[in-house]
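Reader: I'm still learning how to read these pictures. Could you pick one part, take a close look at it with me, and then show me what else is worth a glance?

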Amino acid sequence: MHDVNIDHERQMGMEGFHPALVRGPVGINLNSLGEADMFGSEPKITARGVNFYYGSKRALNNINIAFAARRVTAIIGPSGCGKSTFIRLLNRMHELVPGSRFEGEILLDGLDILSPACDAADLRKRVGMVFQKPNPFPKTVFENISYGLEVNGMTDKRAIEEKVVDSLRKAALWGEVKDRLKDSALGLSGGQQQRLCIARCLAVSPEVILFDEPCASLDPISTGKIEELILELKKEYTIVIVTHNMQQAARVSDRTAFFLMGDLIEEGRTEQIFKAPRDRRTEDYITGRFG
Amino acid sequence: MSAVKRNNRGIVQKAGFAFLAACMGANILFLGAILFFIAAKGLGTINWAFLTQVPRDSMTAGGVAPAILGTFYLTLGAILFSLPLGVACAVYLTEYSPKGWIVNVLRISINNLAGVPSVVFGLFGLTVFVKYLGFGVSILSGSLTLGILALPVIISAAQEALVAVPQSIREASLALGATQWETIRKVVLPAALPGILTGVILSVGRVAGETAPILFTAAAFYVKGYPDSVLSEVMALPYHIYALMTEGTHPEEQTRIAYASSLLLLALVLSVSMLAIWIRQRQRKAYHA
Ligand SMILES: Nc1ncnc2c1ncn2[C@@H]1O[C@H](COP(=O)(O)OP(=O)(O)O)[C@@H](O)[C@H]1O
Ligand SMILES: [Mg+2]
């Protein structure tokens, strides 16, 4: 079973801070089942007993965590604690590292995504990723987005055009690039490039979007735009975001997970993690006592 | 103290720049001297007829059109053969990074191939393409021989270009659900194209000017008219120059034509380079804003 459950007492303790959080059937479900609080729906992704090794070096220890559908889950923790390692397992990007190996299972709507029977390319169409450094293709703005569509078998030019425009709109970039579709994407600013990467990801209609420190290389204004965008996107997508920035986690996420040296120390609703952390190490981290 | 030191460093820097400038000057001087020398001796002979007519009167009059065409065919054939093969080889080595002794053998043989004297390629071509495969002395045999000669240049340029493509855009493509093959074909290769073109430029220059590899495999001193198939013998500019200077009975006229042919060959190679550089530049602009 999960060892990430929020037990009854703690859930009740949390009520003191946010009475609104535990109202209705959600709270009841939660407490009676002893399951993590998924805001009333089935978890979109569930990881069970996940270990990960780079060669003989262990990077993740027995991670058990669930991600709520159409919510934002933030993963926080100091550098090198395994945040990227974990998030890259969720769309099998870990396969690019030779000599790496995992144990355990990760279920996406019940499908075991780590099993060899699951095709990595198909999985990645469902679970998109936005990287730490904006990485647009050295192609035009338009081609950056149409690429994913073509790879996914779309051939109708009109349909592709529509989808490109639609994706740029959704990524709040359309107004800035509508006259620059034929220009190189590398000419855009860092923040625009990152939103282009988000648009590119949206175009292939994923169900889950993974963000690995998407604002790490951006200025505060661009960061603000991306955060707004994430809040907008969670209406449709399940979002997992790795971030170094605690304020960011607090601003955008519904649930937060704290990693430390390959362990999942604590996870729960974001308000709880930041206002009433259960583990001493979480408290130390969020109050800036180490990290 | 520190002022003196700074002064010293200033002087050292100036001397350094002066040295570099001198080296560059020497380089330009050599290139200029070659161009000037060849042009001075050859320019007078070059006219429209020289470029468009076949040789007449035992090579002492007429033009060198068949040799120009021959060199063009041979070079084109060599690139058509070595470009896909070389790029495939480079992709295999860099993108699929297979392990084990096969790769090491491959790497070592590519490096050694680059060091093989060109006349040895000629003998190899004679044995394998001309005799064993029965292509005879022909454009085909010559192109294949020159292609093998160009292979190491193209492979290493392509490898360098592929390695320079950032890993992050490979990841971006894979994360969109593209297969590795789609990623290579639609993202990595286009990004590496300018670098690969550099390899093509270098090898065109090398291939077009080579004499030894086509000596036994493709070239003839004199062929009547123009080649009509890939199995025809051809005249080619470098060999034509060599033949004019070593054979025949009218050394004076022949020397004149040899210089004109040299100038032509130089112009040909330089213009191919220009073309490739232009393509590369355009590509760059498209990619980098
Ligand atoms: N490709 C790799 N090979 C070997 N070790 C790695 C590799 N990538 C990450 N690591 C190690 O795994 C640990 C977790 O790294 P990572 O997941 O990148 O941390 P984070 O994203 O939290 O900063 C670190 O100790 C790091 O050095
Ligand atoms: Mg990281």
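Author: Let's start with some vocabulary: a residue is called buried when its relative accessible area is under 20%, exposed when it is over 50%, and partly exposed in between. Keep in mind too that what you're looking at is a predicted model.

Now find Leu76(B), our close-up. Its relative accessible area is 40%, so Leu76(B) goes down as partly exposed: the limits for that class are 20% and 50%. You'll find Leu76(B) in helix α3 of chain B, which covers residues 65-95. Leu76(B) also has partners on the surface: together with Phe72(B), Tyr73(B) and Leu80(B), it forms a nonpolar patch. Add up the accessible area of that group and you get about 390 Å². A residue needs over 30% relative accessible area to join a patch, so the 40% of Leu76(B) meets that cut-off.

Zoom out to the chain around that patch. Chain B has 11 helices and two strands, and if you follow the sequence, the pattern is α-α-β-β-α-α-α-α-α-α-α-α-α. Its C-alpha trace spans about 70 × 60 × 35 Å along the principal axes. Of the 289 residues in chain B, 43% are buried.

Next, hop over to chain A and look for ligand 1. The residues surrounding ligand 1 include Tyr54(A), Lys57(A), Ala59(A), Lys83(A) and Val97(A). Sorted by type, the shell has four nonpolar, five polar and two charged residues. Some of the contacts are easy to pick out. Tyr54(A) puts a polar side-chain atom 3.4 Å from a nitrogen atom of the ligand. With Gly82(A), it's a backbone N or O atom, sitting 3.1 Å from an oxygen atom of ligand 1. Thr85(A) uses its side chain, with a polar atom 2.5 Å from a ligand oxygen. On its own, ligand 1 would expose 560 Å², and the protein buries 63% of that. Two elements of chain A give two or more residues to the shell, namely β2 (57-68) and α3 (83-89). The largest share, three residues, comes from α3(A).

While you're at β2 of chain A, check out Asn62(A), which belongs to that strand. Its phi is near 40°, a positive value in a residue that isn't glycine. With 41% relative accessibility, Asn62(A) is another partly exposed residue. Arg70(A) has a positive phi as well, about 50°, and is not a glycine either. Look for Arg70(A) in the loop between β2 and β3 (72-76) of chain A.

Last stop: two other spots in chain A. Lys139(A) is in the loop that runs between β6 (127-130) and α5 (141-151). Its relative accessibility is 14%, so Lys139(A) counts as buried. From C-alpha to C-alpha, Lys139(A) and Lys163(A) are 18 Å apart, with their positions 24 residues apart in sequence. Asp166(A) sits in helix α6 (residues 157-170). At 34% relative accessibility, Asp166(A) is partly exposed. Asp166(A) and Leu89(A) are 77 residues apart in sequence, and their C-alpha atoms are 29 Å apart in space.

Conventions. Residues numbered from 1 in each chain as written. Chains lettered and ligands numbered in written order. Predicted model: local features only at pLDDT ≥ 70, side-chain atom pairs only at ≥ 80, totals over all residues. Heavy atoms only, no water. Patch = residues over 30% accessible without salt bridge, like charges linked within 9 Å, V, L, I, M, F, W, Y side chains within 5 Å. Areas by Shrake-Rupley, 256 points an atom, 1.4 Å probe, with all protein chains shown as cover. Salt bridge = Lys/Arg side-chain N within 4 Å of Asp/Glu carboxyl O. Helix = DSSP H or I, 4+ residues; strand = E, 2+ residues; numbered from the N terminus. Buried < 20%, exposed > 50% of the residue type's maximum accessible area, 1.4 Å probe, protein only. Near = heavy atom within 4 Å. Polar contact = N/O pair within 3.5 Å; in protein donor to acceptor, adjacent residues only side chain to side chain. Nonpolar A, V, L, I, M, F, W, Y, C, P; charged D, E, K, R; others polar.
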